[in-house]
Amino acid sequence: MTKLNEAELQQAMAHLPGWTTDGSAIERNFKFADFVAAMAFVNRIAELAEQAQHHPDIDIRYNQVKIALSTHDAGGITRKDADIAAKIGAAAK
């Protein structure tokens with residue numbers, strides 16, 4: 001995987017509603033009704049991550065889940081990050 005250039009990153013972000021980037025990672029905060037719903041979401045993400053062999057950073061705070069995606073061995077954001085971000089976004093619905 002190669003790191004996305006600025007134009008590629010902006011194009012990818014245009015298709016990821018709710019996600020933000022600082023150029024080194026793609027991030028999004030999700031809020032759920034309660035802790036149980038947040039954990040169910042995290043479990044869905046775990047399955048997606050295992051299938052993709054790409055694992056996000058996950059921060060759980062009661063009913064809030066923060067996801068951060070970056071391909072560490074590529075030194076930044078790759079197509080793989082954008083692809084799994086889209087899947088995670090869909091899993092939140």
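Before anything else, a reminder to myself: helices and strands here are DSSP runs numbered from the N terminus, with at least two residues for a strand. I also keep in mind that this is a predicted model.

**Entry 1, the strands.** I began with S3 and S4. Strand S3 covers residues 57-61 and runs antiparallel to S4, with five bridges joining the two. I looked up one pair and found Asp-59 opposite Lys-66 in S4. The hairpin of S3 and S4 leaves two residues between the strands, and Tyr-62 has a positive phi there, near 50 degrees.

Next I turned to S2, residues 26-31. Six bridges connect S2 with S4 (residues 64-69), and this pairing is antiparallel too. I noted that Lys-31 has Gln-64 in S4 as its bridge partner.

**Entry 2, helix H3.** I checked the span of H3, residues 79-91. Its 13 residues reach 19 Å from first C-alpha to last, close to the expected 18 Å. Then I listed its buried residues: Asp-81, Ala-82, Ile-84, Ala-85, Ile-88, Gly-89 and Ala-91. A general point helps me read such a list: an α-helix has 3.6 residues a turn, so residues three or four places apart point the same way. I also asked what covers the buried residues of H3. The cover includes helix H1 (6-13), S2, helix H2 (35-52) and S4.

**Entry 3, Gly-89.** I picked Gly-89, which lies in helix H3. Gly-89 counts as buried because its relative accessibility is 10%, and the cut-off is under 20%. Leaving aside neighbours within four places in sequence, I find Gly-89 in contact with Trp-19, Arg-28 and Phe-30. Asn-29 is 60 residues from Gly-89 in sequence, yet their C-alpha atoms are 10 Å apart.

Note on methods. Residues numbered from 1 in each chain as written. Predicted model: local features only at pLDDT ≥ 70, side-chain atom pairs only at ≥ 80, totals over all residues. Heavy atoms only, no water. Pairing = 2+ DSSP bridges. Helix = DSSP H or I, 4+ residues; strand = E, 2+ residues; numbered from the N terminus. Expected span 1.5 Å × (residues − 1). Buried < 20%, exposed > 50% of the residue type's maximum accessible area, 1.4 Å probe, protein only. Contact = heavy atoms within 4.5 Å.
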